[in-house]
Amino acid sequence: MPETAYLQRPGEKAVEAKVDPKSRRTRVTVPEGAEGWASVSAGSAQTFLFIQPRARLNVAVTADRGYGAGAEAVSALQAAWPEDDPTS
């Protein structure tokens, strides 16, 4: 049984957490401001998680006109950060 579990995020130092030998459980706290993909591993066990970003991206898809089923459509994609988003 592994003694330590690790929370790992790309480009960041791993966060260690001790595994309780009786219950074989651990608790890992996700660091403030973390977002995107991460993994938690202990020994050969590993799981992946996605941490929802705090910032929201507004996306709109519009067609230039109405189309019937099976028709090839011309569409436009527009993406923007909300004005009140501090990360934009």
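Glu12 is partly exposed in this predicted model, with a relative accessibility of 46%. Its side chain meets that of Arg9 in a salt bridge, with a nitrogen-to-oxygen distance of 3.8 Å, and Arg9, at a relative accessible area of 18%, is buried. Since the cut-off for a buried residue is under 20% relative accessible area and that for an exposed one is over 50%, this salt bridge joins a buried arginine, Arg9, to a partly exposed glutamate, Glu12.

The structure holds two salt bridges, and the other partners to consider are Glu32 and Arg54, whose closest N and O atoms are 3.4 Å apart. Glu32 sits in the loop between strand 2 and strand 3, while Arg54 sits in the loop between strand 4 and strand 5 (58–63), so this pair ties together parts that are 22 residues apart in sequence. Glu32 and Arg54 are both exposed.

| Salt bridge | N to O distance |
|---|---|
| Glu12 and Arg9 | 3.8 Å |
| Glu32 and Arg54 | 3.4 Å |

The strands can be taken next, beginning with their arrangement. Four strands make up an open sheet in the order 2-1-3-4, and their pairing is antiparallel. Strand 2 (15–18) and strand 4 (45–51) are the edge strands, each of them pairing on one side only. From one strand to the next, the twist averages 20 degrees. In general terms, the strands of a sheet pair through backbone hydrogen bonds, in either a parallel or an antiparallel manner.

Strand 1 (residues 4–8) and strand 2 run antiparallel and are joined by four bridges. Within this pairing, Ala5 has Ala17 of strand 2 as its bridge partner, and Thr4 has Lys18 of strand 2. The two strands form a hairpin with six residues between them, and in the turn Gly11 has a positive phi of about 75 degrees.

Thr4 and Ser41 allow a closer look at strand 1 and strand 3. Thr4, which is placed in strand 1, is buried, with a relative accessible area of 13%. When residues up to four places away in sequence are not counted, Thr4 touches Glu16, Ala17, Lys18 and Val19, and also Ser41 and Ala42. Ser41 is found in strand 3 (residues 36–42) and is likewise buried, at a relative accessible area of 14%. With its neighbours within four places in sequence left aside, Ser41 is in contact with Thr4, Ala5, Tyr6, Gln8 and Gln46. The contact between Thr4 and Ser41 therefore links two buried residues, because their relative accessible areas of 13% and 14% are under the 20% cut-off.

A further feature lies on the surface, where Leu57, Val59, Val61, Leu77 and Trp81 form a nonpolar patch with about 550 Å² of accessible area together. Trp81, one of these residues, is placed in the segment after strand 6 (75–80). Is Trp81 buried, partly exposed or exposed? With a relative accessible area of 44%, Trp81 is partly exposed, because this value falls between the 20% and 50% cut-offs.

Terms used. Residues numbered from 1 in each chain as written. Predicted model: local features only at pLDDT ≥ 70, side-chain atom pairs only at ≥ 80, totals over all residues. Heavy atoms only, no water. Buried < 20%, exposed > 50% of the residue type's maximum accessible area, 1.4 Å probe, protein only. Contact = heavy atoms within 4.5 Å. Pairing = 2+ DSSP bridges. Axes fitted to C-alpha atoms, helices over the stretch in contact; angles between N-to-C directions. Salt bridge = Lys/Arg side-chain N within 4 Å of Asp/Glu carboxyl O. Patch = residues over 30% accessible without salt bridge, like charges linked within 9 Å, V, L, I, M, F, W, Y side chains within 5 Å. Areas by Shrake-Rupley, 256 points an atom, 1.4 Å probe, with all protein chains shown as cover.
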